[in-house]
Amino acid sequence: MEKEVKLMKGNEAIAEAVIRAGADGYFGYPITPQSEVIEYLMAEQPWERTGMVVLQAESEVAAINMVYGGAACGKRVMTSSSSPGISLKQEGLTYIAGAELPCLVMNCVRGGPGLGTIQPAQSDYFQTTKGGGHGDYRLIVLAPASVQEMSDFAELGFDLAFKYRNPVMILTDGIIGQMMEKVELKPQKARKTQEEIIKECPWATVGKPTTRERNIITSLDLVAANQEKFNIKLQAKYKEIQEKEVRYEAIKCDDADYILVAYGCSARLCMKAIDLLRANGIKVGLIRPITLFPFPSKILFELANRVKGFLAVELSAGQMVEDVELAVKNKVIVKHFGRMGGMIPSPEEIVEALEQKIIGGK
Amino acid sequence: MTQEELNNIIKPENLVYEKSKIMTNNTLSFCPGCGHGTAHRIIAEVIEEMGIQEQTIGISPVGCSVLMYNFLDIDMQQAAHGRAPALATAIKRLMPEKYVFTYQGDGDLAAIGTAETIHACNRGENIAIIFINNGIYGMTGGQMAPTTLEGMQTATSPYGRDLKIMGNPLKITEMVAMLAGTYSVTRQSVHTAANVKKAKKAIRVAFENQKLEKGVSFVEIVSNCNSGWKLSAPAANKWMEENMFPFYPLGDIKVEGKLVK
């Protein structure tokens with residue numbers, strides 16, 4: 001079959017990809033810079049194509065709770081938003097994590113805090129990878145660095161969500177969401193039939209037949225000892241995810257003396273910076289985490305045995321850099337470089353930061 | 001009466017009433033005299049009589065009835081505070097052939113969940129919303145609710161609800177009746193046998209309406225909270241008749257899409 005290649009925005013690519021991944025529903029609320037997701041879906045009318053439900057909710061809070069309701073029925077459901085809206089969704093996310101429901105959420109990050117700006121940022125890393133809502137829980141976090149990955153991570157996200165019964169967050173930014181690139185679309189997957197859902201999700205609330213006990217979706221247990229037992233089970237799940245699901249890309253690391261660590265749009269900027277540095281004879285490589293939880297700590301620890309330093313490049317005041325420091329364990333120098341509030345550094349600024357903070361730094 | 005005499009009476013042919021098969025054997029967590037147990041029971045009876053256990057998904061709220069899933073033998077989801085109508089919206093749209101209902105208290109439905117309530121009603125989701133209004137936050141220890149009456153003493157209105165400071169009690173049921181997306185809106189109670197019968201009929205209609213695909217069926221049940229009101233169960237029911245019913249009058253508000261009050 002001939003490949004289907006299109007020129008699309010990141011936000012449009014993920015919208016098309018969720019239809020093709022066999023999603024059952026999308027529930028959203030407009031916010032810049034990701035409104036193209038729901039605009040694309042409403043224009044595309046996937047209910048005509050696959051039977052997929054699309055609904056514009058009254059708020060981000062309602063949208064994430066619609067996702068809870070749909071996910072609890074074993075359906076493949078998604079919502080998306082940008083930073084201020086994602087803050088509103090934190091209540092729903094902790095309930096979804098606590099009820100062990102699978103779902104896909106996308107955060108197209110913009111500058112903050114508060115209403116901040118509509119320009120790109122990566123300053124929601126802590127919120128996304130360390131919790132966000134209350135309680136001891138984790139999201140599985142995927143960080144696309146291209147429009148192609150925006151498309152590919154829709155299906156991957158659903159697969160991981162259902163494999164672990166855990167919410168999956170696609171953490172992207174205003175650059176990846178808004179920029180246009182060519183993207184190879186996957187063929188349409190059929191939506192799960194009700195029979196398949198009942199078989200694959202025996203926990204789903206689809207109506208109780210006489211042949212089984214009733215299914216209850218809740219995150220409540222008033223007995224503290226039981227709640228602790230449940231928390232231990234959750235932690236074991238997160239540990240398994242850390243062991244099995246780490247994804248990253250290593251670029252030009254084999255002969256590198258220095259390593260840039262960057263995800264999403266920052267990784268794209270770093271690739272240009274590496275070309276500039278190597279043209280000057282400085283051997284620099286890039287570790288691009290694809291999963292932010294689980295974080296690729298092991299490869300960074302291994303590289304720390306043979307490189308001279310790491311520079312974490314992020315559009316924030318320095319958030320992921322803490323995970324780099326934890327991975328490197330003080331073996332060599334680790335520094336952060338970033339711009340904030342929607343500002344984007346040039347590759348030359350990254351070159352300068354590496355030269356000053358790492359090569360000339362202590 | 002001897003055991004033998006008793007055994008002669010306890011026979012299937014003498015059975016005049018039994019617990020609904022949709023009610024589990026778990027002990028209800030409600031205070032003696034509370035209306036929640038009766039409301040649960042008539043919902044269970046309606047599900048059993050309609051034969052829709054396998055087609056029904058219920059949503060429990062945050063508050064006294066959070067544990068409803070322990071008492072009804074159906075698939076249930078527990079919602080974050082106030083969000084039940086959002087869950088119900090998605091469930092019904094993803095599985096339109098199912099019966100979906102929410103069960104919510106006044107704090108859940110008329111305070112923190114006002115937006116979800118209004119918008120699910122306005123969109124005309126084909127769901128049933130069962131709203132228990134006792135004018136108080138029972139679970140958290142008797143604080144003021146959006147439906148607390150003027151002058152009513154609660155833990156957060158210890159000198160009585162002062163409208164100048166605390167605002168007015170909210171008649172959300174009359175509000176939702178004004179929305180184009182509600183098909184039937186009624187206010188009932190479960191404090192006497194006659195009222196229980198009427199309330200059960202209203203719940204049955206709310207379930208049956210879902211097949212018509214004409215919008216939300218909304219059943220308010222004005223109920224007591226003898227613990228929160230600091231009254232005995234009979235005194236609480238009397239207080240409810242004398243104080244709650246004049247402000248929240250019982251009866252149909254909207255029938256088959258038309259306002260009747």
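## Strand β2 of chain A

In this predicted model, strand β2 of chain A (residues 25-28) directs Gly25(A) and Phe27(A) one way and Tyr26(A) and Gly28(A) the other, and all are buried, buried meaning that 20 or more other C-beta atoms, placed from the backbone, lie within 10 Å of the residue's own. In a regular strand the side chains alternate between the two faces of the sheet. Strands are DSSP runs of E with at least two residues, helices are runs of H or I with at least four, and both are numbered from the N terminus.

β2(A) pairs in the parallel sense with strand β3 of chain A (residues 53-56) over 4 bridges, where pairing requires that DSSP finds at least two bridges between the strands; in β3(A), Val54(A) is the bridge partner of Tyr26(A). β2(A) also pairs in the parallel sense with strand β4 of chain A (residues 77-81), over 2 bridges, and Gly25(A) has Val77(A) as its bridge partner in β4(A).

## Contact between chains A and B

Between the two chains, 30 residues of chain A are in contact with 29 residues of chain B, contact meaning C-beta atoms, placed from the backbone, within 7 Å. On the chain B side, β1 (56-60), β2 (75-78), α3 and α5 (114-123) each supply at least two residues, and α3(B) gives the most, with 8 residues. A strand pairing also links the chains, since β9 of chain A (residues 216-217) and β2(B) run parallel and are joined by 2 bridges, with Ile216(A) opposite Met76(B).

## Helix crossing at the interface

The axes of helix α4 of chain A (residues 60-71) and helix α3 of chain B (residues 84-94) come within 7 Å and cross at roughly 50°, the axes being lines fitted to C-alpha atoms over the stretch in contact, with angles from 0 to 180 degrees between N-to-C directions. α4(A) and α3(B) are therefore oblique to each other, the class left for angles that are not under 35 degrees, over 145 or from 65 to 115.

Residues of α4(A), including Ala62(A), Met66(A) and Tyr68(A), meet residues of α3(B), among them Leu87(B), Ile91(B) and Leu94(B).

## Numbering and confidence

Residues are numbered from 1 along each chain as its sequence is written, while chains are lettered from A and ligands numbered from 1 in the order in which they are written. Because the model is predicted, local features need pLDDT of at least 70 and side-chain atom pairs count only at pLDDT 80 or more, whereas totals for chains, interfaces and linings use all residues.

Methods
Buried ≥ 20, exposed ≤ 12 C-beta atoms within 10 Å, placed from the backbone.
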